[in-house]
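Me: I should like to learn how the packing of helices and strands is read from a set of coordinates. Could we work through one example together?
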Amino acid sequence: MARPSRCRKICFEPTYDSFIPEGISNGEKIILTLDEYEVIRLIDLNKLTHEQASKQMNISRTTVSEIYEMARYKIANSLVHGRPLLISGGNYQLCQGEQNCLQNCPKRKIHKQQIITKKGVNTMRIAVTYDNGNIFQHFGHTSQFKVYDIENNQIVNEQIIDTQGQGHGALATFLNNAQADILICGGIGGGAQNALTQAGIKLFGGVMGNADEAVKAYLNGTLNYNANVQCNHHGHGHSCGGHGHACHEDKHGCSGN
């Protein structure tokens, strides 16, 4: 009798679960399972080795390699032949509880799958680093954005979206995928600023206070921001990233000049 396969551990479900080619799709849908998605995320995005990914997913390195090979084949099949790619199913379990998840999957928490609404053709989308109603003061550590859709200079839709543990430069890609046109935030480093520029997202940094009021001020042309904002976290006895220290106040170094 074949030995049952071990359940693969993943720390959150994907934000985007379907990718469909423009125009007319060709052929049947391709299903990428969540454990296959997790292997791709760990190895190709987070640059873990197969051995490191196996420990995080609580499976053998050989199993990771097999999953990785199959996942890459499915993605290539979708890209080359124009077939819809759906992420669904698989033999997996979510990390059991925040403490266990943080221990085994650094900077990851369990999140329910979320769908980011598509914006209209004539809609401007403003994203704000968000924490309990206020503008979070360190871009690279923000866990949420509040997104505002603007039409005719009026807010027509609001949505809070979770970053799912992504940080710094990766957040620019996250915002680009969320179709953001403008970012309002507090402190932000030079690398992240460059990534936003490359993504075509206009930055208004060095902003403090209530998120809703900041967006209203932008629409009224009265937003107080700093065009030379930066996160000066070197040489102050701490780091703004990678050591569990988030910068919340100007004295911690995340501010404008």
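Reply: In this predicted model, helix H1 lies across strands E3 and E4 and runs at about 65° to E3. Helix H3 (residues 61–81) also packs on the sheet, where H3 touches E3 and E4; the direction of H3 makes about 145° with that of E3.

Me: In what order do the strands of that open sheet lie, and what is the pairing?
Reply: A sheet is read by following its strands from one edge to the other. Here 3 strands form an open sheet in the order E2-E4-E3, and the pairing is mixed. Strand E2 (18–19) and strand E3 (30–32) are the edge strands, each pairing on one side only.

Me: In which sense do E3 and E4 pair, and over how many bridges?
Reply: E3 pairs with strand E4 (residues 85–87) in the parallel sense, over 3 bridges. As a point of reference for inspection, Leu32 stands opposite Ile87 in E4.

Me: At what angle do H1 and H3 pack, and how far apart are their axes?
Reply: A helix pair is described by an angle, a distance and the residues in contact. H1 and H3 pack at an angle of about 95°, and their axes are 9 Å apart. Angles of 65 to 115 degrees count as roughly perpendicular, and H1 and H3 are therefore roughly perpendicular to each other. On the H1 side the residues are Asp35, Glu36, Val39, Ile40, Ile43 and Asp44; they meet Val64, Ile67, Tyr68, Met70, Ala71, Arg72, Lys74 and Ile75 in H3. Sorted by class, this contact has 9 nonpolar, no polar and 5 charged residues.

Me: How does one read the packing of H1 with H2?
Reply: The same description applies. Helix H1 (residues 34–45) and helix H2 (residues 50–57) pack at an angle of about 135°, with axes 10 Å apart. That angle makes H1 oblique to H2. The handedness is stated separately: the crossing of H1 and H2 is right-handed. H1 contributes Asp35, Glu38, Val39, Arg41, Leu42 and Ile43 to the contact, and H2 contributes His50, Ala53, Gln56 and Met57. By class, the contact of H1 with H2 has 5 nonpolar, 2 polar and 3 charged residues.

Me: Which residues of H2 and H3 make the contact between these helices?
Reply: The geometry comes before the residues. H2 and H3 pack at an angle of about 105°, and their axes lie 8 Å apart; this makes H2 roughly perpendicular to H3. The contact is made by His50, Glu51, Ala53 and Ser54 of H2 together with Arg61, Val64, Ser65 and Tyr68 of H3. Its classes are 3 nonpolar, 3 polar and 2 charged residues.

Me: In which sense do E8 and E9 pair?
Reply: Strand E8 (residues 144–151) and strand E9 (residues 154–162) pair in the antiparallel sense over 8 bridges. One bridge to examine is that of Val147, whose partner in E9 is Gln159. The hairpin of E8 and E9 has 2 residues between the strands, and Asn152 takes a positive phi near 55° there.

Me: Where does the pLDDT stay under 50?
Reply: The general idea is a caution: where pLDDT is low, the predicted coordinates should not be read in detail. In this case the mean pLDDT of the protein chain is 78, and 75% of its residues reach 70 or more. Over residues 97–113, however, pLDDT stays under 50, and the model has 41 contacts beyond four places in sequence for them. Residues 232–257 also have a pLDDT below 50; this stretch has 52 contacts in the model beyond near neighbours in sequence.

Technical notes: Residues numbered from 1 in each chain as written. Predicted model: local features only at pLDDT ≥ 70, side-chain atom pairs only at ≥ 80, totals over all residues. Heavy atoms only, no water. pLDDT = per-residue confidence, 0-100. Contact = heavy atoms within 4.5 Å. Axes fitted to C-alpha atoms, helices over the stretch in contact; angles between N-to-C directions. Helix = DSSP H or I, 4+ residues; strand = E, 2+ residues; numbered from the N terminus. Parallel < 35°, antiparallel > 145°, perpendicular 65-115°, else oblique. Left-handed = near helix turned anticlockwise from the far one by under 90°. Nonpolar A, V, L, I, M, F, W, Y, C, P; charged D, E, K, R; others polar. Pairing = 2+ DSSP bridges.
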